[in-house]
Amino acid sequence: MMQYNQQKVNALPIWTSEGNVDLPLSDVSLDGPITTPYERRFNPYDFNGGTTVCIAGNDFAIAAGCTRMSTGYQILSRNQSKLLNLSNKTVIAAAGCQSDITVLNKTLQARYLQYESQSQKIMSTEAAAQLLSVTLYYRRFFPYYAFCMIAGLDENGVGAVFGYDAVGSFKRDQYGVMGSGQNFIMPFLDNLIGHKNRLDEKKVLTVEEAISIVKTAFIVATERDIHTGDSVEINII
Amino acid sequence: MSILQYNGGAVIAMKGLNCVGICSDLRLGLQQQTVAMNFKKVFQITDKLYVGLTGLATDVLSLEHLLNFRCKLYKLKENREISPKAFGAMLSSLLYEKRFGPWFSEPVVCGLDANNNAFLSGMDLIGAPVFSDDFTVAGTCTQNLHGMCEALYRPNMDPEELFEVLSQCLLSAVDRDALSGWGAVVHIITPEGTITRTLKCRQD
């Protein structure tokens, strides 16, 4: 009976784009004629950080995003916008991998121009929401690493916010947060705008109040999150 | 899932004007399944000293037992109650004793010392302390808790305001965490005494 050489290693050094990592031996079988293949891999995604917040009111909508772009522990830019003005009624705010967001924005703008010239009208916010959803799902098996939100005025002039996941499932909300500061800001908006866990009477939200809530939210996220900071860009529709 | 998130839980301690407050949620779970809704994570050590223990429930109970024992022994030897600072130092060294096989618990110490000055301290599972002037959080939803406290905290709150702020912070933060919630208990420690209130929140 042939004796196969058993490699005595505790972990295999594998190179990936994040640097050297050790592939744990439990995932690999090295003895015998059948060995598990291991490979050097290129990770196509990078997380560029940042936070975006969107709030909808009775006759206004606000989209805001911080302007910091980072990779790992380094800052690449202090002045990178996360907001796209699709039309004068709709803004798309996206956090995640900046390259995917840029391509997504260009795709949407191109489709928007086609829509405008073919149907001779400005795309409504609901239509833009559906378009974004379909665009994201098109890449179901190699997604855009983009966590998007749309803020705008709907057909009746009422503020609308739509929140998405990376593959395009969306829902209309009154407020939303995406990005690295999401966990810090979300409960704060739940309390102030969603009026959760409160017994006092709910008041109508004005533009000035909403803006000051957004500013406070970004201060909170900047204090505690390393990927959020520098400055905030706020678009009011 | 990390071992510190097996049972779930959240604790906040916050400082006010001549008072401190500490609160925790009441859930005990086994990963996704909820097993009890009355599992307090804040324990009284002396009249003016409370400790909140998050993390693995068995270690929470063991540490509470151990700390009570050590404080009673301290009282016998020194003929006085232990001060919050000394208690924090004792807890820190207790945790570090088990450096290579740690207690899976991240405590928060909160109390008023003999001169009624507030003391707040949080630790990681091997005992590294952080002394705060404003608030300390621990648990499975620390990011949510940090965000809420950062937003709602202001210095020099009186006991009633402190209670409101603590409650709103904890309730809103645990509502966004699947592993914490099912009610809360809040203790406000003042030089005159401690006020304890139990809150009902979303039961899911």
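**Sheet and helix packing in a two-chain model**

Let me start with helix α1 of chain A, residues 98-119, which lies across β7, β8 (90-96) and β9 (146-153) of chain A and runs at about 155° to β8(A). Helix α2 of chain A, residues 125-138, also packs on the sheet, where it touches β8, β9, β10 and β11 of chain A, and its direction makes about 5° with that of β10(A). I should say at this point that we are looking at a predicted model.

Now to the sheet itself, which is an open one of five strands in chain A, ordered β7-β8-β9-β10-β11 with antiparallel pairing. Because β7 (83-85) and β11 (170-173) of chain A stand at the edges and each has a single partner strand, one side of each is left without a neighbour in the sheet. On average, and with direction ignored, neighbouring strands of this sheet are turned by 20° against each other. For β11(A), the pairing with strand β10 of chain A, residues 159-164, is antiparallel and extends over four bridges, and A:Asp173 in β11(A) stands opposite A:Val161.

Let me turn to the two chains together. Helix α3 of chain A, residues 182-192, packs with helix α3 of chain B, residues 142-152, at an angle of about 55°, and their axes are 7 Å apart; that angle is why α3(A) counts as oblique to α3(B). The contact involves, among others, A:Phe184, A:Pro187 and A:Phe188 of α3(A), and B:Met148, B:Ala151 and B:Leu152 of α3(B). Sorted by class, this contact of α3(A) with α3(B) has six nonpolar residues, six polar ones and no charged ones. The crossing of α3(A) and α3(B) is right-handed.

Definitions and conventions: Residues are numbered from 1 along each chain as its sequence is written. Chains are lettered from A and ligands numbered from 1 in the order in which they are written. This is a predicted model: local features need pLDDT of at least 70, side-chain atom pairs count only at pLDDT 80 or more; totals for chains, interfaces and linings use all residues. Side-chain values use heavy atoms; hydrogens and water are left out. Axes are lines fitted to C-alpha atoms, for helices over the stretch in contact, and angles run from 0 to 180 degrees between N-to-C directions. Angles under 35 degrees count as roughly parallel, over 145 as roughly antiparallel, 65 to 115 as roughly perpendicular and the rest as oblique. A crossing is left-handed if the near helix is turned anticlockwise from the far one by less than a right angle, and right-handed if clockwise. Contact means heavy atoms within 4.5 Å. Ala, Val, Leu, Ile, Met, Phe, Trp, Tyr, Cys and Pro count as nonpolar, Asp, Glu, Lys and Arg as charged, and the others, Gly among them, as polar. Two strands pair if DSSP finds at least two bridges between them.
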